[in-house]
Amino acid sequence: MATVRPHVGRERPSGGFELYSWYFFRLSGLLLIFLAIGHVVIMHVINTVDEIDWQFVADRWNSPFWRAYDWLMLFLALLHGLNGARLAVDDYIRPQGWRILAHSVLWTLAIVFLIIGSIAVLTFDPTRFQAIAHAGG
Amino acid sequence: MTTETAREVRQVSSRGLGAYRGYRPPPGMISWALHRVTGLGVLLFLLLHIVDIFLVNYGPETFNELLFLYRHPVFRIGEIVLVAGLYYHAANGVRIILIDFWPQAYRYERQLFYGVIAVFLLAFVPTAILMIRAILV
Amino acid sequence: MYHRFDAVIVGAGGAGLMAAAQLAGRCNVAVISKLYPVRSHTGAAQGGIAAALGNVEEDHWIWHMFDTVKGGDYLVDQDAAEVLAREAIDAIIELEHWGFPFNRTPDGRIDQRRFGGHTRNFGEGPVRRACYAADRTGHMILQTLYQTALKRQVTFFDEYMMLDLLLTDDGVCTGVVAMDIETGEIHVFHAKAVLLATGGFGRVYKVTSNALAATGDGVAIAFRRGIPLEDMEFYQFHPTGIYKMGILLSEACRGEGGILRNGLGERFMERYAPTLLDLAPRDMVSRAIYQEIRAGRGVDGKDFVWLDLTHLPAEVIETKLPDITDFVRTYLGLDPVKDLIPIQPTAHYAMGGIPTDVDGRVTVDAQNTSIPGLYAAGECACVSVHGANRLGTNSLVDLVVFGRRAGRHMLQFVRENDFHPLPKEPDYRARAEVAWILENEGNERVAQIRAELQEAMMTDAGVFRTGDGLKRLQQKLGELRNRYTQICIDDKSRTFNMELVEALELGFLLDCAEAISASALAREESRGAHYREDFPARDDVNWLKHTLITRTSGGLQLSYKPVVITRFQPKERVY
Amino acid sequence: MLVTVRVQRFNPETDSKPYYQEYTVEVEPTDRVLDALNYIKWYHDGTLTFRRSCAHGVCGSDAMRINGRNRLACKVLIKDLGPKITVEPLLGFRIIRDLVVDMEPFFAQYRAVMPYLINDEPPPVRERLQSPEERELYDDTTKCILCACCTSACPIFWTTEWLGPAAIVNAHRFLFDSRDRATEERLAILNQKFGVWRCRTIFNCTEACPRGIQVTNAIEQVKRRILFEQS
């Protein structure tokens, strides 16, 4: 007996922001599991805040690997987290005006923190301070 | 469908966050609520963390001075809570990704939730012991 | 409030929605329904819908017609049965094109299963004729029809209860009056054509498979307006209802191979229908169950027998009868794969109702004089394709075939005719009735009267009837009718007053019960579902005719009309 | 057995807000919650208002919150609840009276997904062919009786506007039907801001469905469908 082959789907839907947001959530989440947990284990468990100081950070950021690592984590975590906050806003804030305001705040936060975080991670030049420290010492 | 009623009756509806009190939460709802709370908590810490890391650019004195804050006992406990939140968020995130992309996962929704709790405990208990020991030393 | 539509359909079950789908987009049509359309009782139908598609084995519409006629104990109007059997095929294909999710054969066609009374070659043996969607065929029909009605943008008045039918003095139907249950407001619907598709009245009985809403509203309102009711004495008891609850366990259980066993474990249907066994027509099986019980072969001396599915493969039970399995697990705590299921006959379907011709036009006498603009279809109507006993799956066929025909005829009617003026103060009677119930200061509870009605009907107008019993029943009904004038309800508010609704419904039930008992007392023979212990034989000489019962100012009046016989002469009915 | 039924009451004509009323009734352990409610209405207090029809779980009229979870009153037996039962209206809707809520927004969401077969190709003389395997793809979602148990169990639905589980289930029923030709339009509706992406995989809907439909799974299938047809 001939069976009819299952087939569903012919047309393609157009893309939407929510779709990309959803997909980004999953991808960034997966990466962050390694990045953030790695970071936490190194900075808070293996080393503790007792041991961490400016010099520790300076030494660490001598390596381009750790700079890339931290910047990627910063970027993903910030967008992942603020996107999560955006969903919470969508879920709980019903009046249109408040919702728009909350969205504006979140996007502003995202941009501002992305800039200051990037400045910190990417432009940090320990030698500048070491020179000062040496000169002063 | 066609109700052209213009009666003066009081409108009562059960929308909004208040509805949460009216529903006895199944495990899935608990897992989602925890996911949201831990996510927002970690986001708050992240924002704080970006501010402090930005301060490395202001030199060792400024940065190291700030670290006193982090070494305060209250913050040390908060740090453990942060790690707990992060671990849970990560483990449950994996559960959600499994549900999203593994077509059979819905059959094991409950088991996956208990799995999340198990993974969380397995990871968190040793971490917590290490961190508490570090505080006590 | 006043509304004006070319066509108004009362009832959003299978027949109503099927008619609405024919009219939508072609004229201005409204559907009034006491429930949300998807709550209609068509959705509770389980097993299948018959059509001689011949997809899995040879079949012909004339075999289907023959089975329908024979199943109805030759009281069927054969012109109507021919329409039913022929058009069933078209109607099912149409449903499929509208998206009905039938179960499929391996080559992708509509699958078919066996059902009671459906045979090949004029009674030689069971045939696979029932098209189905697991055991929720009715649910799928209701969904598909509602979906189609939405697609075609039918106007719905959900949770509006019909209170009155507007007929002019010269006998033209001009609309209906209904109450918006949510607000208690009375609405007048002015229409060129009205279709009554209000369903059955199983709630006159105590143990029933029918919904709480199946209270014969349309039947009773037509009766009150002087329209006769046809063949009301024929009420079908389905053999397999869950013991005490009456919840239906589809005939598909037996169609898939389930068997009935008495307290001794015997397959007792061997004695009553040696060829079709457990798939004999419902009237015979129900009677056989009671005969076993009376002979002391019920289970543990109680009034139930077993439905046995345990020999079927678990996979068949789980995949082809999933809802049944769920009912048995939920309500009995039993597993049909391993356990026997306690069943008893349950009041199920009214063969009788508002008399109509094959186009759904309501007729009022033996000459088939029709009322301009008034139509009926579905269980509330009597075409008559079911005669004295309906075959399983033929109710769904009835809905789609005659709902469709009524809709098409209505379309023609509304195109050819203009609006007839409404009578003066059209909502006068409806308002008076509502006001009476809200304001009456009596001492009787609606539920108490209803319970006594259901008990009395079960005892004296059930599977077995006697002249004495029916006379006793009539006396009881007279008493209940008096007490009904003394009711008092607690709820006086206008908003969603369900107690008012139930009080109105009790009035309808009383009307239906009176028509049943008077028709049954007069018919001194046994035919199909009407079994008189004092007249146990079929009497074609005196009683091969339809009963018409009319309410007049002088009381109930009986008259009769001949049965249309075209192809099949009455014969003894053995299976 | 003697049970205490605590019912949330509200009559807009006389009450400014809902309150609770307790009834004590004698019922059989195998009775349904609906039987208890009917008994109260019929013999104790006729003003108690709720919807009901088929009484065996196929019409979807009597969806309500029973002991804090969405259930059909006719599908829950007293013995499974014990002597104290709390009955409240569904969450997320306007209360019309007592346990009766305004279902219109729910049906509006249902209508929004075009819940009907769309195929403008001229139909064959006989049925359109569909293999049992193709039929199986959407079998689960054809069971929906539109009772609203799922949608009103969704925490996202309580706080914001979105299509809700039931509408998506009914979209799924046609999206996965090989005879349907409106995939693009339907996916476009579901891909909106208020579509499937509002689902947070909470599973309250699946837990509440009286028909055992894997509601969350249906929503997930729709998400994957959009995702993979998109890329």
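Contact means that heavy atoms lie within 4.5 Å. This is a predicted model, in which local features need pLDDT of at least 70, side-chain atom pairs count only at pLDDT 80 or more, and totals for chains, interfaces and linings use all residues. Residues are numbered from 1 along each chain as its sequence is written, chains are lettered from A and ligands numbered from 1 in the order in which they are written, and side-chain values use heavy atoms, with hydrogens and water left out.

Two glutamates of chain C sit in helices (DSSP runs of H or I, at least four residues, numbered from the N terminus). Residues up to four places away in sequence are not counted among the contacts below.

| Residue | Helix | Contacts |
|---|---|---|
| Glu505(C) | H15 (residues 498-522) | Lys34(C), Met161(C), Leu212(C), Ala213(C), Thr215(C), Asp217(C), Arg52(D) |
| Glu452(C) | H13 (residues 446-460) | Lys476(C), Glu479(C), Leu480(C), Arg483(C) |

Glu505(C) has a relative accessible area of 4% and is therefore buried (under 20% relative accessible area, with a 1.4 Å probe and protein chains only). Its side chain forms a polar contact of 2.7 Å with that of Lys34(C); such a contact is a pair of N or O atoms within 3.5 Å, where within protein one must be able to donate a hydrogen and the other to accept it, and residues adjacent in sequence count only if both atoms are side-chain atoms. The C-alpha atoms of Glu452(C) and Leu477(C) are 9.3 Å apart, across 25 residues of sequence.

Helix H8 of chain C comprises 13 residues, 282-294. At 1.5 Å a residue, multiplied by one less than the number of residues, H8(C) should span 18 Å, and its end C-alpha atoms are indeed 18 Å apart. Of its 13 residues, 11 are buried, including Arg282(C), Tyr290(C) and Ile293(C). Gly296(C), with a positive phi near 80 degrees, follows H8(C).

Note on methods
Buried means under 20% relative accessible area, exposed over 50%, partly exposed in between (1.4 Å probe, protein chains only).
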